[in-house]
Amino acid sequence: MINVYDCRFENQQVFKKTLETNGLDLDGFLRLVNKEFAVPSDQRFVLVTTDRTVVNDGKYKELQDGSTLYLLQNKDQVLPVATEENINFVPHYNTLIESGTFEYFAEGQKSLPCALAELVDNALSATTKNTEGRTIEIQLLFDRTFGKPAVVVLDNGCGMTSKQLNNWAVYRLSKFMRENSTFESERDAYVRPEPVPRSLNSDISYFGVGGKQAAFHIGDSVRMITKPINSPDVHELVLSKEEFQKKEQNKEDVFKGTILNRKPGDYSHVTSSERFLQEVIKEETGKDSFTAVVITGVCPEHIKYLKQDFSEWTRQLAHIYHYYIHGANGNHKTDNSLRSNVIPQIDILVTLRDKPSYSMNLRKVEDDMQTLYINSAIDTFEFKVKTSEGGTVDGVLRYHPFLYDKETYPKDLNVLQDDDENESGTMNQARGKRDIFECFWNGRLIPYTTVSE
C-alpha cells in the first residue's frame, strides 16, 4: 500500500488516496494514479517521495510498504497545504543488546549545561560542511508574552530530510548506521570530521541517544523543525511525554508518529499558547537549510537555574567548546602571537528572552576554565604518544607553579570539593583530588574521559 497526496494546485484541498500496487509495474501504477485523481491526459505531472526524489522505474521497485508520495506539477513545486507522513521509530536493536553500555555523564557538575551541549554537538555536526560561517543559537524564551516557556536550539546547518528525521527519532540508531534516503542507491556513507590538533579524534554523540535524552532532561516535549538543503519543504516532528503516556494507556503503538511536511513560514498548525513558535517559523522564509530543536514543558527548577545562573552555565559551555571557538591554541588573552593561526568560523550564541533580555556569544567569555588554565600557566610541554593499536594521542602539560605560599593553579568555583579535602586544609591548594588531564574529542570537552594519576 502506498499513500499518495494530490498537491498539484494552490486552491485544491490536499487529500490522500491509498492505492493497491500489488503486481503493478510503474506504467500501470501511473495509469492508476491518473484514473484515481482524474488527471487530464494532456496535463503533465510527476510523482516524488517526501524527500523530493522522482519516482522512476528503478525507484518504484525500491519503494517500501507504507511509503508516502506527492502528485505534483513539477519536482520543485511548493506544497500548497501541509501534508502528514506516518512513520515509526521502533528502537534500534542495540537498545536490547547494548542496554548496559556506559553513557557519559558529568559527575560533580551541573547536568543542564551538559544536556545543552548534546544539542550543540548535533548542531556542530550539521554545520560541518558550511562554506561560510557556522551559527548555533540557544534561545531561552521565558517571557510569558511569548506563550509557554521554551528552549530553542537553532543552527544554519544542512538540515534533515524526512527520512533522516525519522532516523533521528529511533533510539540508539547510531549515525554510522543511519540511512539518508529511502533508496539504496542514494545512501551516503558517514564521513568523519577532520582531525583536530591536540585532541582525541573520533566522533561525538556516537550512540544515537544524546539529543533525545538531553531534550527530555530539559522538558517534556521536543519539536524538531528542519529544512534540508536544496529542498522546498520543511519537515516537523513532535515527540511528547504526554502523547507517549496516552498511547501507552490506550494500548496504542507508542513508536508510531507523524511528520508534518509543509512550506517554510507556514504556522497555521500552531496554537496561540505557542506564540513564540510562530515567530520561529516566520524566520524560516529565505533560509536555504536549518534545524530548530524546540523544547517545551521546561521544569520550573531548570528555568530558575537558566535565568539566575546564566553566567555560570554559559561559562561552563565556553569551557566545553573552548577549542571549537578559539582554535587549536586556545584563547591567549595576553599574547596574540600565541593564538591559533586559523580561528574557526563558529559562533555559539545564547539569548535569554526575558525581562530584561540578554545575549552572549561564547567567544566573548573570558573567564572559562580553559582560558584561565592557558593564561595562568608559566610554561607548557607538548607531547605525542603512539598506542599499540596504531593510534596517536596529542597532549599539552601546563606548569602552574607554587609561588609565595600560594598555588597559581586556577580554581573552578563550580566544582564542589570533598569534605575530607576541606578538613585537611587543602581546599585552596591546586587541584586537590581532581584528575590531572581533561580530554577533548575533536576539540570538544567530554566529561568522564579523564586520565587519573
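**Entry 1: the sheet at the start**

Before anything else, a definition for my own use: two strands count as paired if DSSP finds at least two bridges between them. I should also note that this is a predicted model.

With that settled, I looked up an open sheet of four strands, and I read its order as β2-β1-β4-β3, with mixed pairing. Which strands stand at the edges? They are β2 (16–19) and β3 (46–49), and each has a single partner strand, so one side of each is left without a neighbour in the sheet. I also got the twist, which averages 30° from one strand to the next.

Next I checked how β1 and β2 go together. β1 covers residues 2–6, and its pairing with β2 is antiparallel, over four bridges. Which residue in β2 is the bridge partner of Tyr5? I found Lys16 there. A reminder to myself: strands of a sheet pair through backbone hydrogen bonds, either parallel or antiparallel.

Then I looked for what lies across these strands. Helix α1 (residues 26–36) does, crossing β1, β2, β3 and β4 (68–72), and it runs at about 140° to β2.

**Entry 2: both ends of α7**

I moved on to helix α7, residues 241–249. At its start, a side-chain oxygen of Ser240 comes to within 3.2 Å of the backbone nitrogen of Glu242. Just after α7, I noted that Lys251 has a positive phi of about 55°.

**Entry 3: cysteines**

How many disulfides does a search of the whole structure find? Zero. I looked up two cysteines anyway. Cys158 is partly exposed, with a relative accessible area of 40%. Cys299 is partly exposed too, at 24%; the cut-off for buried is under 20%, so Cys299 does not count as buried.

**Entry 4: the whole chain**

I counted up the chain: 13 helices and 19 strands. Of its 453 residues, 46% are buried. I also looked at contacts between residues at least 6 apart in sequence, and 64% of those join residues at least 24 apart.

**Entry 5: how far I trust it**

The chain averages a pLDDT of 83, and 81% of the residues score at least 70. Where is confidence lowest, and where highest? Helix α13 (residues 419–423) is lowest, at a mean of 44, while strand β11 (residues 290–296) is highest, at 97.

Two stretches got a warning mark in my notebook. Residues 96–102 have a pLDDT below 50, with six contacts in the model beyond near neighbours in sequence. Over residues 418–430 the pLDDT stays under 50 as well, and the model has 15 contacts for them beyond four places in sequence. Where pLDDT is low, the predicted coordinates should not be read in detail.

Terms used:
Residues numbered from 1 in each chain as written. Predicted model: local features only at pLDDT ≥ 70, side-chain atom pairs only at ≥ 80, totals over all residues. Heavy atoms only, no water. Helix = DSSP H or I, 4+ residues; strand = E, 2+ residues; numbered from the N terminus. Axes fitted to C-alpha atoms, helices over the stretch in contact; angles between N-to-C directions. Contact = heavy atoms within 4.5 Å. Polar contact = N/O pair within 3.5 Å; in protein donor to acceptor, adjacent residues only side chain to side chain. pLDDT = per-residue confidence, 0-100. Disulfide = S-S within 2.5 Å. Buried < 20%, exposed > 50% of the residue type's maximum accessible area, 1.4 Å probe, protein only.
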